[in-house]
Amino acid sequence: MRLKCLAILMLAAAVALCAAAPAEEADAYWAGFFDYYYHSAKDCALAGMVSPIDQETAIAQDKYLCPVCADDSRKYSGVDAAVRGGTLVVRVPDAWMASRPASETGDNPDWDTREFEGSAAAEALAELLHGADYRAALAQADGGLPVARVPDIFPDAGGFMMNRRHIGGAWYLTYRPGADIRKALEKQKKLDVALRFTVYTLTRKGDALTAFGGGLWADEAFTLKPERSKNEVMLKRDATQDGAPQLAVYDDMGACICVLHQQPALQSCLAGASLRIDGVDCGIRMTGYADGEEGIYCCVLTDAEFNALENGATAELAPTDPAAVIDAGFATAFADAAD
C-alpha cells in the first residue's frame with residue numbers, strides 16, 4: 001500500500017533512466033486527465049480514455065499508481081495480520097502463495113470452473129492478476145494465461161469473511177472470527193486459522209475467460225500473530241442525514257483500513273453490501289454484522305480511494321446482489337459468476 005509514496009521514492013531513478021532512454025520509453029505510463037490512477041497498461045480494465053504521461057507529471061496531478069496493472073515494488077515478508085475490535089485484516093502476498101506447492105484437482109474439494117464474457121471477463125482478469133502477470137495476460141489474445149491464486153479462510157463456527165480485495169501484490173482478507181475464537185485471540189494474542197488458496201488456470205478465447213480451480217494449498221492450523229491496531233485515525237466522518245455511513249480510516253500494516261457504521265443495521269446490507277466512493281471505485285463488496293442497532297463493516301482501501309474520501313468524495317453503502325456475497329470465497333467480479 002502507500003503506492004504514491006513508493007512512486008515518489010522511485011522518481012529520481014526514473015528521471016535518470018528516462019534521460020538516456022528513447023522517447024517512447026519516457027512515456028511509460030498512461031492516464032486520463034481526471035483519472036485517480038496512472039497505468040502501466042493503456043488497456044487496463046481500470047483505465048478509461050488515456051494518453052501517455054510521465055511519472056513526474058502523474059504525481060504532480062495527484063494520480064496514484066494503478067493497483068492492478070503497475071508493478072508493486074513493496075517487499076512483503078509473508079502473511080501478516082492486524083486486529084481491531086476482534087476483526088482481522090490478513091494480508092496474503094502473491095509471491096508467498098507462488099512459493100507454495102498446490103495439490104492437484106483430485107485433492108481439492110472446492111474445484112470448479114467459472115466462465116466470464118465481455119466486460120465481466122475484463123473485470124475478473126483485473127481482479128485475479130496483478131502487475132507483470134496482468135500485462136502478460138492483456139497481451140495474450142487467446143490461449144493460456146498466467147495462473148491466479150485466490151486466498152481464503154475456511155470459517156470457524158460463527159466466523160465469516162467481511163471483505164476480500166486484491167490490491168497491488170497482495171490480497172487483503174477482512175475476517176470476523178466467531179465469539180469463542182475472538183475471546184481466545186484476546187487472551188492468547190494469536191490464533192490458528194484454516195488458511196488456503198485455490199490455484200486457477202486461466203484461458204481466454206476472444207472476449208471469453210475461463211477460470212478452472214484445479215489446485216489447492218491448505219493449512220488447517222495456520223498460526224497468525226496479528227499486530228494490535230495502533231488506532232491511528234487518518235480520517236473520520238460522521239453519518240449524514242441522507243444515509244451516508246459513519247466511517248473511520250486507520251493506518252495499520254501500512255494499509256488504509258476502513259471501518260463503517262450504518263444505522264439502523266439493514267439486513268439487506270449485512271448480507272451483502274457495496275461501498276461506492278464517488279469518482280474512484282465502482283463498488284467494494286462487503287458483508288457486515290449487527291452490533292445493537294448498528295451495522296458494522298470493514299475493508300481495505302487503495303491509497304487513491306482514501307485520498308478521494310479525504311478530499312470530500314461521497315461514500316454510499318447499499319445492498320448488492322445476494323448471489324455475489326463475499327462468503328462464497330471470491331470477490332467483486334469473480335463472485336458474480338458464482339452459481
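A residue is called buried when its relative accessible area is under 20%, exposed when it is over 50%, and partly exposed in between. The exercises below apply this to a predicted model.

**Exercise 1. Classify Asp-62 and Met-253 as buried, partly exposed or exposed, and describe the backbone at each.**

Solution.
1. Locate the residues. Asp-62 is in the loop between helix 3 (55–60) and strand 4 (64–65), and Met-253 is in the loop between strand 16 (246–252) and strand 17.
2. Apply the cut-offs. The relative accessibility of Asp-62 is 46%, so Asp-62 counts as partly exposed. For Met-253 the value is 8%, and therefore Met-253 counts as buried.
3. Examine phi. Most residues other than glycine have a negative phi. Asp-62, however, has a positive phi near 60°, and Met-253 has a positive phi of about 60°.

**Exercise 2. Determine which peptide bond, ending at Pro-264, is cis, and where Pro-264 lies.**

Solution.
1. Recall the usual case: most peptide bonds are trans.
2. Inspect omega. The bond from Gln-263 to Pro-264 has omega near 0° and is cis.
3. Place the proline. Pro-264 belongs to the loop between strand 17 (255–262) and helix 8 (267–270).

**Exercise 3. State how many residues of helix 9 are buried, and which they are.**

Solution.
1. Count. Helix 9 spans residues 303–310, and seven of its eight residues are buried.
2. Name them. The buried residues are Asp-303, Ala-304, Glu-305, Phe-306, Asn-307, Ala-308 and Leu-309.
3. Follow the chain onward. After helix 9 comes Gly-312, with a positive phi near 100°.
4. Set this against the whole chain, where buried residues make up 50% of the 339 residues.

**Exercise 4. Describe the second largest pocket: its volume, its lining and the elements that supply the lining.**

Solution.
1. Volume. The second largest pocket holds about 380 Å³ of space.
2. Lining. The pocket is lined by 22 residues, and those closest to its centre are Asp-94, Ala-95, His-130, Asp-133 and Gly-169.
3. Character. The lining comprises 12 nonpolar, four polar and six charged residues.
4. Elements. Helix 4 (94–98), helix 6 (131–139) and strand 9 (148–154) each supply at least two lining residues. Helix 4 gives the most, with five.

**Exercise 5. Summarise the secondary structure, contacts and surface of the protein chain.**

Solution.
1. Secondary structure. The chain has 10 helices and 22 strands.
2. Contacts. Among contacts between residues at least 6 apart in sequence, 68% join residues at least 24 apart.
3. Surface. The accessible surface is about 15,600 Å², with 52% belonging to carbon and sulfur atoms.

Terms used
Residues are numbered from 1 along each chain as its sequence is written. This is a predicted model: local features need pLDDT of at least 70, side-chain atom pairs count only at pLDDT 80 or more; totals for chains, interfaces and linings use all residues. Side-chain values use heavy atoms; hydrogens and water are left out. Helices (H or I, at least four residues) and strands (E, at least two) are DSSP runs, numbered from the N terminus. Buried means under 20% relative accessible area, exposed over 50%, partly exposed in between (1.4 Å probe, protein chains only). Contact means heavy atoms within 4.5 Å. Accessible areas come from the Shrake-Rupley method with a 1.4 Å probe; for residues, only the protein chains shown count as cover. On a 1 Å grid over the protein atoms alone, a cavity is a set of points where a 1.4 Å probe fits but cannot get out, and a pocket is an open set with protein on both sides within 12 Å along at least five of seven lines; lining residues have an atom within 4 Å of a point. Grid points are joined across faces, edges and corners, and a volume is the space filled by probe spheres set on the points. Ala, Val, Leu, Ile, Met, Phe, Trp, Tyr, Cys and Pro count as nonpolar, Asp, Glu, Lys and Arg as charged, and the others, Gly among them, as polar.
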